[in-house]
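Here are some short exercises for reading a protein structure. Try each task yourself before you look at the solution.

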Amino acid sequence: MIKKHLQIWLILIIVLFIMPSTALVSGIGLSPAEMRVVDAIGSGVIGSVVLVNSESGSITFILQIQSPSELPTEEEHLRVICEDCHDTHQRYEIIDGICPNCGSTNLVIYERIPNNVLQYLDLSGVDCELIKKENFYYTNEKFQQNEQCTVEILLDLPYKNEYSNKHWEAHITATTTSDINNIGMGILAGVQMRLLLDVPTIKSSIATPAGINPMIFFYVIVISIVVLCLYFLLKKGYLTKEKLKVSKKFKISSSKKKPSSFYLGKIGKYNNYKISPSNKNFKPKTIKKKVVNKSKPTFHKSKQKKHFSDIKKEIDKILKSNEKK
């Protein structure tokens, strides 16, 4: 009889040393017994748990994601982690906000996860099929002794300021049932895992739609702003066709912003002239001036009269000489 008791105690000691991070109760093993997730924001797989059938018969695993009880006797067992010595405690062990291990006040105190946030947590079977019914998940198949099932924990928490810099504790309970058709009534005692979620500080005040990567959302915003800026510049005329190397005819505008004065300046040897206004915002244009060819003879009215008088005198002189003959 004594040998039998020694064997039982020996088996329990071996189980405790071999599986220190595994909870074991009512024929179900659950590993790990506690999981901390930092940067718990966005969508993706945040971890996985392994279920093991440790009893002789075949069983169906039943899983449930829960918030810790609101009872004061339960809340005092919520987790507290020291960021300096990384020791874990429960609330009732913390006095005056000081770590009992190292005396640090740099503590992370976890709160009950709100019921409306539980909807962003989900479970999915990896090597087994999980079926969701109400608030429970159960395996579609039964598992024999020592057979195990791996389940992924999924998170889909949107980027909202109300979730910024939060520390929540949730529980994942693994049990078995005697009546698969009436899960809520036939659940037997099970084992529980602590799920600790550290939501980081959300720096951006812009809330991204659920399921969209924040970097992709940021690039979409930047590209949209650039397109709007280019449209504004084109609309206001800061980007003109002339700057885009497209020919444009000179046109004198009748707007109120006319230059107050002009001056002419000669350019080159082809008698090209530049019109430059006093208004600095007005762009000078080049025009060509028609030049009179100075090599051609020019006549003035006074010179024409004198020339006509000289011809008349010559004719009179010739007539008089003919009369004498």
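**Exercise 1.** Work out whether Val222 is buried, partly exposed or exposed.

*Solution.* Step 1: recall the classes: buried means under 20% relative accessible area, exposed over 50%, and partly exposed in between (1.4 Å probe, protein chains only). Step 2: Val222 has 34% relative accessibility, so Val222 counts as partly exposed.

Two notes before going on. This is a predicted model, in which local features need pLDDT of at least 70 and side-chain atom pairs count only at pLDDT 80 or more, while totals for chains, interfaces and linings use all residues. Residues are numbered from 1 along each chain as its sequence is written, and side-chain values use heavy atoms, leaving out hydrogens and water.

**Exercise 2.** Find the helix that holds Val222.

*Solution.* Helices are DSSP runs (H or I, at least four residues) and strands are too (E, at least two), numbered from the N terminus. Val222 lies in helix H4, residues 214–236.

**Exercise 3.** Decide which strands stand at the edges of the sheet E7-E6-E8.

*Solution.* Step 1: two strands pair if DSSP finds at least two bridges between them. Step 2: the open sheet has three strands in the order E7-E6-E8, with antiparallel pairing. Step 3: E7 (88–90) and E8 (107–109) each have a single partner strand, so one side of each lacks a neighbour in the sheet and these two are the edges.

**Exercise 4.** Is Glu169 buried or exposed?

*Solution.* Its relative accessible area is 1%, so Glu169 is buried. Glu169 sits in strand E14 (residues 166–176).
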